[in-house]
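Me: I am new to this structure and would like to get to know it step by step. Could you show it to me first?

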Amino acid sequence: MAAAAAQAETAVAFFSRWGGEAFDVSRADWYLRETEKALLRQLSAAFEKVVVERYPFGTDATLSLLCAERGDASEEPQVEIRSDKPVTVEIFWDEGRQSKTIAVNGT
């Protein structure tokens with residue numbers, strides 16, 4: 001990861017869930033798994049910008065997040081959020097000491 005971060009300032013993370021007629025998506029699949037959270041923490045530490053593109057949200061929507069570069073972990077993140085459906089996203093930073101809620105109408 002360090003070699004990639006030395007050559008690029010932005011990391012793009014794609015997450016997917018398999019579902020369909022014979023393979024229902026469970027409610028647990030609507031949330032990031034611990035391994036995915038760990039990956040995002042590693043990417044955030046290594047890269048100036050991190051993008052999550054088309055994360056499966058519910059049964060028929062996706063969510064995309066772009067966090068702009070910050071000076072340090074205590075600085076409030078500027079996050080662009082796109083979703084197919086209305087969604088409210090809660091963002092934590094500064095080791096969980098600060099948070100904000102962003103509502104998106106959907107496109």
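Me: Thanks! Leaving aside neighbours within four places in sequence, which residues is Phe 92 in contact with?
Reply: Happy to help! This is a predicted model, in which local features need pLDDT of at least 70 and side-chain atom pairs count only at pLDDT 80 or more, while totals for chains, interfaces and linings use all residues. Residues are numbered from 1 along each chain as its sequence is written, and side-chain values use heavy atoms, with hydrogens and water left out. Contact means heavy atoms within 4.5 Å, and beyond those neighbours Phe 92 has as its partners Gln 98 and Ser 99.

Me: Is Phe 92 buried or exposed?
Reply: Phe 92 lies in strand S5, residues 87-93; helices (H or I, at least four residues) and strands (E, at least two) are DSSP runs, numbered from the N terminus. Buried means under 20% relative accessible area, exposed over 50%, and partly exposed in between, with a 1.4 Å probe and protein chains only. Because its relative accessibility is 52%, Phe 92 counts as exposed.

Me: And is Ser 83 buried or exposed?
Reply: Ser 83 belongs to strand S4, which covers residues 79-83. Its relative accessible area is 3%, so Ser 83 is buried.

Me: Which residue has its backbone oxygen 2.7 Å from a polar atom of the Ser 83 side chain?
Reply: A polar contact is a pair of N or O atoms within 3.5 Å; within protein, one must be able to donate a hydrogen and the other to accept it, and residues adjacent in sequence count only if both atoms are side-chain atoms. The backbone oxygen of Thr 62 is 3.4 Å from a polar atom of the Ser 83 side chain. The one at 2.7 Å belongs to Lys 85.

Me: Which element gives the most residues to the largest nonpolar core?
Reply: A nonpolar core is a set of buried Ala, Val, Leu, Ile, Met, Phe, Trp, Tyr and Cys residues joined through side-chain atoms within 4.5 Å. The largest one has nine residues, including Phe 15, Leu 40 and Val 52. Two or more residues each come from strand S1 (10-14), helix H2 (34-46) and strand S2 (49-57). With three residues, the top contributor is S2.

Me: In what order do the elements of the protein chain run from the N terminus?
Reply: The protein chain has two helices and six strands. From the N terminus on, their order is α-β-α-β-β-β-β-β.
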